[in-house]
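Colleague: Could you walk me through this model? I have a few questions about its cysteines, helices and strands.

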Amino acid sequence: MTEPKLIDPRKLYHTEEFPKQDQDTPALQKEMQPVPDCGEESYEGSNQLENRRVLITGGDSGIGRAAAIAFAREGADIGLHFFPGEEDAKQVASYIEKAGRKVVLLPYDLRDETAPKEIVEKVVSELGGLDTLVLNAGQQISCPAIEEIPLEQVKDTFMVNILAMFAIVKEAVPHIPAGGAIINTTSVQAFNPSEHLLDYASTKAAIANFTIGLAKQLAPKGIRVNGVAPGPIWTPLQLDEGQPEDSIPEFGQQSLLERAGQPVELAPVYVFLASNKASYVTAQIYGVTGGEAINL
């Protein structure tokens with residue numbers, strides 16, 4: 001009898017301490033030690049998203065990069081948003097093109113109020129339409145005490161993480177047909193906030209609430225809306241002031257699976273939620289946390 005191929009999840013990817021490290025803004029994936037696995041070599045598609053037209057924000061690295069690579073290999077054309085100066089975006093574009101799909105590069109700062117409208121208009125124009133959103137862009141800056149948080153940082157975090165999400169959805173919904181999907185990236189921080197991430201965690205809680213409310217509003221249009229709540233995932237966000245520097249070596253090792261997650265481990269969840277296989281799934285938050293519970 002042929003034995004099943006089982007893999008111990010505790011022994012996948014990087015299981016040891018990470019080297020102590022940080023980066024200046026913008027943090028680049030290629031300079032991380034070790035480099036995150038976004039499925040560049042491992043993700044295999046099966047035409048689940050054939051000819052879909054997808055906008056992905058924050059698609060240059062980490063979770064957005066993994067989603068972009070997976071979606072392209074599943075047959076989708078991609079509008080790839082990234083913060084201007086993020087060099088990793090060009091490499092992601094090459095993976096999309098190697099998959100035989102079209103990519104539109106969208107270097108926009110989401111703190112600019114004009115960015116959402118321009119992004120959506122460019123995607124619709126160059127891809128010939130828009131049916132799927134993956135809203136993933138985020139700012140995360142660690143600060144140990146509320147007295148030390150600059151209010152300008154709080155404003156920027158809310159602008160990038162949730163206000164721009166509102167604005168993009170507002171611009172995009174008139175273009176999304178029945179059967180389309182919106183997938184928002186929230187976080188385990190929405191449900192169990194860390195004391196050093198007050199502004200970031202607050203936006204992620206807002207995203208979770210926004211996701212469920214929006215799903216109720218768009219269900220009559222046949223548009224599904226869901227969220228993904230990652231736990232500790234090894235991305236450049238963590239090195240660009242996203243975590244206290246001394247905590248990087250043990251990042252993720254307190255999870256039940258005793259390691260940080262890799263972006264590629266979230267890609268199948270985003271693909272599923274975008275695909276027709278999730279036809280009866282809306283107003284849900286999917287946790288990919290290494291075991292930490294999420295409770296709405």
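Colleague: Happy to start with a cysteine: is Cys-38 buried or exposed?

Modeller: Keep in mind that this is a predicted model. Buried means under 20% relative accessible area. Cys-38 has a relative accessible area of 1%, so Cys-38 is buried.

Colleague: And Cys-143, buried or exposed?

Modeller: The cut-off for buried is again under 20%. Cys-143 comes in at 8% relative accessibility, so the label is buried.

Colleague: Then how many disulfides does the count come to?

Modeller: A disulfide needs a pair of cysteine sulfur atoms within 2.5 Å. By this rule the count is zero.

Colleague: Good to know! Why is helix 6 described as largely enclosed by the rest of the structure?

Modeller: Helix 6 covers residues 267-274, eight residues in total. Its buried members are Ala-267, Val-269, Tyr-270, Val-271, Leu-273 and Ala-274. They pack against helix 1 (62-73) and against strands 4, 5, 6 and 7. Helix 6 is largely enclosed because the number of its residues that are buried is six of the eight.

Colleague: Where does helix 6 sit along the chain, and what is the handedness of the β-α-β crossover?

Modeller: Strand 6 and strand 7 run parallel and are joined by four bridges. Between them the chain passes through helix 6, and this crossover is left-handed.

Colleague: Which residue of strand 7 stands opposite Gly-227?

Modeller: Strand 7 spans residues 285-288. The residue standing opposite Gly-227 there is Ile-285.

Colleague: On to helix 5: what span from first to last C-alpha is expected for it?

Modeller: Helix 5 runs over residues 198-218, which is 21 residues. The expected span is 1.5 Å times one less than the number of residues. The model's helix 5 reaches 30 Å, close to the expected 30 Å.

Colleague: What covers the buried residues of helix 5?

Modeller: The buried residues of helix 5 include Tyr-200, Ile-207, Phe-210 and Leu-214. Among the elements covering the buried residues are helix 4 (151-172), strand 5, strand 6 and strand 7.

Colleague: One last residue: is Leu-133 buried or exposed?

Modeller: Leu-133 belongs to strand 4. Leaving aside neighbours within four places in sequence, its contacts include Leu-55, Ile-168, Val-169 and Ile-183. Its relative accessible area is 0%, so Leu-133 is buried.

Colleague: And what distance separates the C-alpha atoms of Leu-133 and Ile-182?

Modeller: Ile-182 is also in contact with Leu-133. The two residues are 49 residues apart along the chain, and their C-alpha atoms are separated by 4.7 Å.

Conventions: Residues are numbered from 1 along each chain as its sequence is written. This is a predicted model: local features need pLDDT of at least 70, side-chain atom pairs count only at pLDDT 80 or more; totals for chains, interfaces and linings use all residues. Side-chain values use heavy atoms; hydrogens and water are left out. Buried means under 20% relative accessible area, exposed over 50%, partly exposed in between (1.4 Å probe, protein chains only). Helices (H or I, at least four residues) and strands (E, at least two) are DSSP runs, numbered from the N terminus. Contact means heavy atoms within 4.5 Å. Two strands pair if DSSP finds at least two bridges between them. A crossover is right-handed if, with the strands pointing away from the viewer, the path from the first strand over the helix to the second runs clockwise.
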